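Thank you all for making the time this morning. Before I begin, could you please bring up the sequence and the structure, so that we can go through them together?

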Amino acid sequence: MSTIAGTSGTPDGAGRTRQDYTGGIHGSLLAASVVIGAGSLGRFPRLHLVLLLLLTGVVFWTAHVHAQLFGARLARHAPDRRTVLHVCREEWPIVKAAVPPAAAVAVGGLLGLDVQGSLWLAVSVAVAGQVGWSVAAARSAGAPWRLVAVTASVNLLLGLLIISFKVILK
C-alpha cells in the first residue's frame, strides 16, 4: 500500500501507527473563520449558520480529498477505489471539526443565548477544538510536553487572532 504523506496510518520510528490531525486543525480554524464571517455580516438564523458550518466543512473536505488524490497521484497513476476511500477517511476530520461549533450554535438557544451569544460560543468551541486537535497531533507524534505546550499556544494564538478579527469587525 502506498502511503500519502502527512496522513494517518503512517508508521513512526517504533513501528506504531501515527495519527495525523492536520485536517482537524484546519477544520477547526475554518469553522471559527466561518462563524466570524457570518457573525460580522449580520444575524443569521441558527439553522442557516449550522448548515453553513457543516456544508463549508464538506466543501473543504472535498477540496482536500481532491488535492490529495490528484495533486501528486495523477502524475504517477490514477487512484483506485481503495486509495480514494483511504483519502476520504483521512481527510474526514475537516468535517468532524465543524460539528462541535455547529452543535454549539444549535444548542445556544437552549442555553438562553441569543444568536450573537451562540456565535461567541461556537467560536470558543472551534478554538478549543483547534487547540485540542493540535495537542492530539503532537502527542500522537510522540512530542515532548514542552513541544505540546508550544503547539497548543500557537494554535490558541491563531484562534485569538480570529477572535480579534470579530472584535475589530464589530
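I will talk about the nonpolar cores and then about two residues of one helix.

Please keep in mind throughout that what you see is a predicted model, and that the values I quote are computed from it.

Let me start with the largest nonpolar core, which has 21 residues, and in which the residues with the most contacts inside the core are V35, L49, L53, V105, L119, A122 and V123. The elements that give two or more residues to this core are the helices α1, spanning 22–40, α2, spanning 46–71, α6, spanning 99–108, α7, spanning 115–140, and α8, spanning 145–169. Of these, α1 provides the largest share, namely seven residues.

If you would now look at A122, you will find that, once its neighbours within four places in sequence are set aside, A122 is in contact with V35, P101, A104 and V105.

There is also a second, separate core, made up of seven residues, and among them are L69, V87, C88 and I94. Here L69, which lies in helix α2, has a relative accessible area of 4%, and because that is under the 20% cut-off, L69 counts as buried. L69 and V87 stand 18 residues apart in sequence, while their C-alpha atoms are 7.3 Å apart in space.

Finally, is H66, in the same helix α2, buried, exposed or something in between? H66 has a relative accessible area of 48%, and is therefore classed as partly exposed, since that value falls between 20% and 50%. The C-alpha atoms of H66 and V84, again 18 residues apart along the chain, are separated by 9.3 Å.

Definitions and conventions:
Residues are numbered from 1 along each chain as its sequence is written. This is a predicted model: local features need pLDDT of at least 70, side-chain atom pairs count only at pLDDT 80 or more; totals for chains, interfaces and linings use all residues. Side-chain values use heavy atoms; hydrogens and water are left out. A nonpolar core is a set of buried Ala, Val, Leu, Ile, Met, Phe, Trp, Tyr and Cys residues joined through side-chain atoms within 4.5 Å. Buried means under 20% relative accessible area, exposed over 50%, partly exposed in between (1.4 Å probe, protein chains only). Helices (H or I, at least four residues) and strands (E, at least two) are DSSP runs, numbered from the N terminus. Contact means heavy atoms within 4.5 Å.
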